[in-house]
Structure formats: structure tokens, C-alpha cells
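Visitor: Before we look, I would like each term to be explained as it comes up, please.
Guide: Gladly; here is the structure.

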2 protein chains.
Amino acid sequence: MIKPQPEHLKDVGLKSTLPRLKILGLFESGQERHMSAEDVYKQLLASGDDVGLATVYRVLTQFEQAGLLVRHNFEGGKSVFELNQGKHHDHIVCLQCGHVEEFYDAAIESRQKKIATERGFAVHDHSLHIYADCIKKECPHK
Amino acid sequence: MIKPQPEHLKDVGLKSTLPRLKILGLFESGQERHMSAEDVYKQLLASGDDVGLATVYRVLTQFEQAGLLVRHNFEGGKSVFELNQGKHHDHIVCLQCGHVEEFYDAAIESRQKKIATERGFAVHDHSLHIYADCIKKECPHK
DNA sequence: ACCGATGATGATAATGGTTCTCATTTGCAA
DNA sequence: TTGCAAATGAGAACCATTATCATCATCGGT
């Protein structure tokens, strides 16, 4: 279990407070790689940590802006966060079992930037999700 | 102005009602290719058609399930619909004014398929959204 | 170590998009 | 034309998220 490091927060210009350390610690513990605000909130309650839901939302957004976390807008209306480990990646999602794999392809990245720039857009961000059936034995799609 | 065709509705197992014809007509008129439920509702009000917002949501969802429309879950929390014309394309969305442009890039498409196949996935579908600032004069981002 | 300004927190209200409820109306087959 | 199942519309309910605001904690300066 990695323990949350106050310097990480200082480094990105955030005061090292209890709620922030707890939340960062949750992600760094690696138990769950992808978590929604609600997930984080419940986890904290479960461990007896008394953090407000509003704070969870605020902190997650701050962490995203600071580059500590990456936000994903999946279907179903809720945002999901994961630890930013430096390298951007896209996702392949199995429609049957929900298995998620990450990938990065330089060719796709550069084509995207080129296309947007040609059309006069200043790229902020992008999301690429491939929906498919996987071939894992555990996967229920027959 | 193309007039909405009741047979389209019958063909997909939906009664041909006034609200449904009006909404389908809006998309077929091609004035706006991408519309949210709110957009559709306002358009209808503007043309003096008295349709409830709840009905707009219901009908859009039905049209999506019937394959008449395609739903896109862009950032910003609202769903956007467009007429399903069979050919796949991806989207660039302006984060400031909501302007949407479509694009298709064979290189990206083939890379996606290759990546998924290599990992043992059978691709069903995918979504690629680029989020950016556009340069239209009307666009509010200064 | 203490203090005080600055910034963070948490309870709750507010928001925005979407869905639900249900009384009323409509399409359509007989 | 008539009857009834299906569709509609007004508004309430819902859910994730954001805003408000009084209280509280952090941290640099003392």
C-alpha cells in the first residue's frame, strides 16, 4: 500500500488537506482503478472517513485539472476517474463482460490533431472508445 | 422541405402520430443536422407546434431504438441526435458554442480495427470525439 | 509554537438534463 | 363510428453535479 504523499499536492499548488490526502490515497492504493465520485464517497464512508460529497466532487475536479487524475465520460451519465500515469490512452470496452483494455496509437493521435487543426479547431481533448466482444474464456458472450 | 413520411414510422412499428411526424420532419428538413432534445423542443415551439418536452425525449429515444436516429453522448451532459444515414463518421465538438463537425479518416478507422483485432476483440462499434475550441466569429470563447 | 489570512470543508439548496406519473387525448382496426 | 390500447402533455420526481455560505484547517510569518 503506497501512502499518499503531501508533496504531490504541494507540487500542483494544492494545500495538503485531509480529504485530499484520503482521496489521493484511495486512487494510489490501486484497489479500484476506475472510480466515480459516488464510488469514492462510499469508499471513504466505509473506511470511517467523514468527507462530504461536495468535497469529493470538488477534489476530483481539482485533481483532474492538476493532472493527477483523468476523467472519462462513459455512458450512463456519470464521470469516472483514474490515476494519471502520464501516458494518454484510449479504451476498448467489451460489450459483454465490461472488460476494459487501454491502448495508445501514435498514428491515430497525430491524425486526430491534424484533422482538427486543418478545420480551425484548437484541440482540448478527445475520447476514443472501441466497443467490441472480447475473447476471454470468462466472457459470457457464448 | 421534405415532408415526413408516415410509412417510415409504420415500418419501424411506431404509430404515426402528430408529434412523431413533426420531430421526424425536423430532422429530415436538414436545417440542423445535430440536435439535442432541448433544440428540438425549441424548434417546435418556434414553429407554433405544441409538443411537450417529455414527448420529445420519449420520441427521440424511440427513434434511436428504431434506428432512425443516432444518439451521441458528448461532453457537457446532453445527448445529441442526428438522422441515421448509414455511413459512419466521427465528430469534432466545440466546447464553447457546441458547434459540431463530422469527419471520416480511413487511416484512423483501419488503425482502430487493427488494434482491436490484435488484442482479440471483435469490433462492434466505436466512438471518437475530439473536443476543441472552434474559430467561428459567433463562438463566444473570446 | 502561535496567529491570522487565505483557502478548504461540509450541509444543504439549487441546477440541468432526463425520466416518471397519470389523467386526458389520439390513432386506427373493426 | 366506436372502443380501446397506445400516445401525449403538464408537472413532479430523479440523479449527477455545482453553487452557496457559515465554519474550520493549513501554513507562512512572527
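Visitor: What pattern does chain A follow, read along the sequence?
Guide: This is a predicted model, in which local features need pLDDT of at least 70 and side-chain atom pairs count only at pLDDT 80 or more, while totals for chains, interfaces and linings use all residues. Residues are numbered from 1 along each chain as its sequence is written, and chains are lettered from A and ligands numbered from 1 in the order in which they are written. Chain A reads α-α-β-α-α-β-β-β-β-α-β, where helices (H or I, at least four residues) and strands (E, at least two) are DSSP runs, numbered from the N terminus.

Visitor: What makes B:Val40 a residue in contact with B:Leu60?
Guide: Two residues are in contact if their C-beta atoms, placed from the backbone, lie within 7 Å. Leaving aside neighbours within four places in sequence, B:Val40 meets this with B:Ile23, B:Leu26, B:Met35, B:Val56 and B:Leu60.

Visitor: Why are A:Thr17 and B:Ser79 said to surround DNA strand C?
Guide: A residue is near a strand if its C-beta atom, placed from the backbone, lies within 6 Å of it. There are 26 residues surrounding DNA strand C, and A:Thr17 and B:Ser79 are among the closest.

Visitor: Which helix gives the most to that surface near DNA strand C?
Guide: H4 of chain A does, with five residues; helix H2 (18–29) of chain A and H3 and H4 of chain B also supply at least two residues each.
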